[in-house]
Amino acid sequence: MSTNQTWTRAIDVADAASNETPVTFMQTSVEDAEVQAHTRSVRVENSMVSGWVPAFRVFGVTRESLSVCAHVHGFLPYLWCATPEHAMLLASERQLTQFTKVLNSIVSEKAEKAVVRVESLARRSVMHHSRDASGVAHLKITLQRASHIAKCRRALLCVENFKSLGLTLPFDLYEADVDCTLRYMVDTGTVGCAWATAPAKAYVLRTAETRETRCAIELDVDHTKLIAHDASVPPYDGIAPLRVLSFDIECCAKEEHFPHPDVDPVIQIASVLAEVPERHEMRRVYTLGSCANIPGATVVACDTETALLRAWSVDVIAADPDMIVGYNVQNFDIDYLLKRAANLRVDDFALFGRVRRKRVESKEATFSSKAMGTRKNMRATVDGRIVLDVMQIVQTEHKLSSYTLNHVSERFLMERKEDVHHSMIAKLHRGDRTTRQRLAVYCLKDALLPVRLLRKLMIIFNLTEMARVTGVPLSYLLHRGQSIKVFSQLLRRANVAGMLLPTHERSAEGEGGDGGVAYEGATVLDAKAGFYEVPIATLDFASLYPSIMRAHNLCYTTLVPRGREHEYAPDELTVTPTGDRFVRSHVHRGLLPAILDDLLTARKRARALIKTTEDPTMRGVLEGRQLALKLSANSVYGFTGATVGKLPCLPISASTTAFGREMIDETRRFVLQEYTVANGYSHDADVVYGDTDSVMVRFGCADVTEAMRLGALAADRVTTLFPKPVQLEFEKVYHPYLLMGKKRYAGLMWTCADRHDKLDTKGIETVRRDNCALVRRTISEVLRRVLLKRDVQGSVRYVQERVRDLLAGRVDISELVITKGLTRDVSDYATRSAHVELAVKKRKRDAATAPRVGDRVPYVILRGHKADKTYELAEDPNDLRAARERMDTVEW
DNA sequence: GAGCCGACCTAT
DNA sequence: TTAGATAGGTCGGCTC
């Protein structure tokens with residue numbers, strides 16, 4: 001049904017000259033910007049002196065796949081503050097005016113008037129329970145520009161500034177750390193990737209003379225007029241037809257060197273223009289020098305590199321993609337093209353964004369979190385288009401031992417790249433039109449694979465639904481962490497209820513500084529290690545932490561500060577195992593439990609809907625949604641425990657884990673006490689292991705069916721011991737079960753008694769990325785022989801054989817490659833280790849190809865002398881050729 | 001060689 | 001300016 005099966009995107013709009021019809025589009029990005037004001041169309045509050053006004057550019061796509069840019073006007077940034085002394089401050093209008101004047105003088109520069117207004121409004125903080133639901137006076141300070149927020153924030157924190165008003169205590173700040181884009185979205189009730197409508201007559205279309213972007217439809221609209229649609233129900237729960245341009249470049253480097261943009265030319269670029277969710281694709285390849293035809297692709301042969309770069313850029317503009325994708329495009333391709341174009345003075349090259357006069361830029365950005373480690377990346381800003389690097393998505397979503405396109409394609413698509421070795425590129429380029437064709441086919445394949453991955457991994461559905469569920473713009477999902485998503489949901493919920501989020505001031509030397517443990521986590525039951533030949537039933541609490549928070553109403557808004565408990569009757573409070581107190585639901589239902597209720601009921605609804613949905617696109621959307629809902633629910637607990645986050649609240653997180661510890665203990669106790677010979681069962685049950693939310697029970701019976709029956713009954717009985725919505729579920733049986741120790745086991749998994757599902761392995765070498773393939777495969781085969789074939793002797797023989805192979809040099813190098821993550825800058829390591837030493841060596845050889853922070857470093861250990869340290873013997877298997885004979889086959 | 005600790009990665 | 005949590009196994013380097 002696509003209307004755009006041509007390379008050039010449609011820009012002709014029937015009603016282009018008027019605003020008689022509403023414009024409805026799915027928003028893909030929201031950017032704060034300065035736009036040219038057209039006084040006839042825009043009512044600008046406190047109208048600025050110049051013709052440029054702050055606004056939001058909302059980019060999107062219509063159902064007909066037309067691109068849209070809405071310049072949304074009139075929304076002003078703000079923050080809140082309050083002070084213990086504010087009663088005095090607010091006593092009179094006069095004092096408020098004076099306060100405004102003082103603040104303005106600090107925040108404003110030159111002739112501008114930064115503080116637009118200060119209002120005193122009744123609000124309450126989300127922190128701690130309060131009987132007074134209506135709140136007390138807080139000051140809402142509205143500012144002219146987003147850049148004023150930080151200045152204003154600093155000004156308010158300095159008491160000196162307000163001495164003349166008689167103030168002696170600093171202000172408490174609220175929502176001073178909310179990004180202006182998120183602020184706009186929250187206040188206008190719009191979520192990421194939502195549909196929006198500019199109603200007829202409520203907007204002004206830009207004309208050829210006033211256009212700032214290359215979108216098919218460009219309009220100005222006031223923020224109060226643009227309608228935000230609910231993305232969770234029809235007809236605005238679908239996905240617009242997006243244009244995705246995937247590309248890959250080839251460079252011609254001096255032999256055996258990594259290409260450098262100062263000297264090495266770009267010789268080919270391949271573009272694949274795909275329509276998503278449709279399956280239609282168009283292919284173009286740009287070559288330096290002639291190139292033989294390629295079936296199914298358009299070949300654009302260029303005489304010079306300048307012409308090549310220009311042709312590609314012009315075609316991107318014509319295609320007008322909503323997304324630019326590729327594999328490692330952020331760190332390599334885009335940056336390389338920009339540098340190359342700058343060196344060659346192809347001035348118009350960088351103008352392939354949607355905003356006409358703005359150039360595409362690439363800057364370094366670092367991201368670090370405990371979960372992901374540190375990562376340094378280049379990041380390109382292409383105004384109005386989303387840059388989506390499939391490599392980065394795969395890195396955050398999947399734990400793999402290698403993230404090369406080859407490896408990832410094989411893993412997910414069962415498809416390999418066209419194999420052209422690096423050293424061949426220059427030769428093929430310098431050959432003739434046929435060899436260049438061979439190279440072009442290779443290049444095209446590398447542009448096509450990211451599109452295939454995008455589809456296979458349902459990346460667009462998943463991102464779209466995550467943006468909708470959590471309310472953040474799509475770009476946040478690509479460049480920011482987990483906590484912004486919870487923060488967005490909390491902010492929305494709080495504001496609707498007339499509550500404010502305190503701005504968390506992080507202390508310079510905070511408690512629990514990095515590395516330290518701030519609070520106690522889950523219980524891991526001692527493992528009764530052994531090989532179990534009778535079925536082991538696994539009972540799991542469903543969504544344990546979300547359930548606990550809902551069951552006990554744990555929230556910022558329900559927490560009773562120490563010393564204030566006497567204000568409550570005993571039946572109004574829950575005292576948690578950590579001694580913290582929270583009011584019960586009947587006093588006030590917390591925001592976090594309410595968010596969790598909604599997420600989990602919405603997930604049930606989405607899952608039910610999948611079953612009745614035929615349309616594959618809508619199924620994809622729903623799958624993405626149920627996944628987003630589940631992930632969101634699970635990250636709420638982590639948000640409250642994130643001591644370096646936006647709003648940590650350890651009483652909540654510590655109470656949650658403490659309840660969890662009690663529950664796993666109580667479950668264990670119940671099973672041991674109830675399932676006994678004395679109570680009429682055939683055996684005394686035993687709990688052989690358990691971790692956080694699960695217990696592994698040996699009921700003693702030899703039969704899988706019987707273990708399942710007992711497991712299901714036991715789960716139901718245990719469930720009755722706990723408040724709703726806590727639920728213990730019987731999930732599976734392991735038979736047989738090999739328990740090595742805590743967090744290390746393997747077993748044949750049965751979810752129905754007819755046949756086993758699979759061999760499930762946890763924590764053992766086979767599932768760890770820091771072992772070489774030989775170790776993983778050998779142990780994997782041992783587990784298969786022991787658990788599946790029940791052949792212990794055979795597995796011993798197998799291991800002996802593999803050892804003999806190794807000693808005899810019959811094991812391929814590829815099986816001996818170890819990979820480890822480079823988790824920090826090489827200078828920050830306290831001890832020496834193989835992968836770090838190798839990273840240092842490689843940097844000395846060629847900085848461009850050396851591993852960077854966040855990369856995985858593959859290495860093998862070479863044969864050495866007794867005195868050699870192992871870590872000094874690491875070598876990159878790719879650099880090995882000459883050193884192959886020296887490899888120490890024993891060292892693995 | 002014992003024992004401690006840093007580093008990595010995984011379980012939940 | 002930015003960052004979900006803690007528990008815990010294994011390995012190798014380092015110190016004595």
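This is a short spoken tour of one protein chain, from its overall build down to a few single residues.

Hi everyone, and thanks for coming. Please keep in mind that what you see is a predicted model.

Let's start with the whole of chain A. Its secondary structure comes to 21 helices and 34 strands. The C-alpha atoms fill a box of roughly 90 × 85 × 60 Å along the principal axes. How does the radius of gyration of chain A sit with that of a compact globule? For 892 residues such a globule would come near 29 Å, and chain A has 31 Å, so the two agree. Of those 892 residues, 53% count as buried. If you take the contacts between residues at least 6 apart in sequence, 70% of them join residues at least 24 apart.

Now the surface and the charges. Chain A exposes about 40,600 Å², and carbon and sulfur atoms supply 51% of that. There are 122 positive and 112 negative side chains, and the centres of the two sets lie 1 Å apart.

Let me take you to a helix, H13, which covers residues 483–496. From its first C-alpha to its last, H13 reaches 20 Å, close to the 20 Å expected for its 14 residues. How many of those 14 residues are buried? The count is 10, and H13 is therefore described as mostly covered, with burial meaning under 20% relative accessible area. Among the buried ones are Ile484, Val486, Phe487, Leu490 and Leu491, and the list also includes Lys485 and Arg492. What do these residues pack against? Their partners are H4, H11 (459–470), H12 (474–479), strand E20 (499–500), H15 (591–612) and H16. After H13 comes glycine 498, with a positive phi near 75 degrees.

We just met H16 as a partner of H13, and I'd like to show you one residue in it. Glutamine 626 lies in helix H16, which covers residues 616–641. Is glutamine 626 buried or exposed? Its relative accessibility is 12%, so it counts as buried. Setting aside neighbours within four places in sequence, glutamine 626 is in contact with Arg603, Ala606, Arg607 and Ile610.

Next, further along the chain, is helix H19, residues 773–788. H19 has 16 residues and reaches 21 Å end to end between C-alpha atoms, close to the expected 22 Å. Its buried residues include Ala773, Leu774, Val775, Val782, Leu783, Val786 and Leu787, along with Glu781 and Arg785. Their cover includes strands E22 (530–532), E29 (728–741), E30 (744–750) and E31 (758–762), as well as helix H20 (792–807).

Between H19 and H20 there is a loop, and arginine 790 is found in it. Arginine 790 is not a glycine, yet its phi is positive, about 55 degrees. With a relative accessible area of 40%, this arginine is partly exposed. Compare cysteine 193, in the loop between helix H4 (180–187) and strand E8 (195–198). Cysteine 193 also has a positive phi, near 60 degrees, but its relative accessible area is 1%, so it is buried.

Strand E29, part of the cover of H19, deserves a stop of its own. Histidine 735 lies in E29, and so does proline 736. What kind of peptide bond joins histidine 735 and proline 736? It is a cis bond, with omega about -5 degrees. Histidine 735 is buried, at 14% relative accessible area. In space its C-alpha is 7.4 Å from that of tryptophan 750, while the two residues are 15 apart in sequence. Beyond its neighbours within four places, histidine 735 is in contact with Glu533, Val534, Pro535, Ala702, Val704, Leu748 and Trp750.

There is another cis peptide bond to point out, between lysine 724 and proline 725, with omega about 0 degrees. Proline 725 sits in the loop between helix H18 (704–719) and E29.

My last stop is threonine 62, in the loop between strands E2 (52–61) and E3 (67–73). At 3% relative accessibility, threonine 62 counts as buried. Which residues does threonine 62 touch, not counting those up to four places away? They are Thr24, Phe25, Val68, Trp195, Ile217, Ala240 and Pro241.

That's the tour. Thanks for listening!

How values were computed. Residues numbered from 1 in each chain as written. Chains lettered and ligands numbered in written order. Predicted model: local features only at pLDDT ≥ 70, side-chain atom pairs only at ≥ 80, totals over all residues. Heavy atoms only, no water. Helix = DSSP H or I, 4+ residues; strand = E, 2+ residues; numbered from the N terminus. Rg over C-alpha atoms; globule rule 2.2 N^0.38 Å. Buried < 20%, exposed > 50% of the residue type's maximum accessible area, 1.4 Å probe, protein only. Contact = heavy atoms within 4.5 Å. Areas by Shrake-Rupley, 256 points an atom, 1.4 Å probe, with all protein chains shown as cover. Lys, Arg positive; Asp, Glu negative; His and termini not counted. Charge placed at Lys NZ, Arg CZ, Asp CG, Glu CD. Expected span 1.5 Å × (residues − 1).
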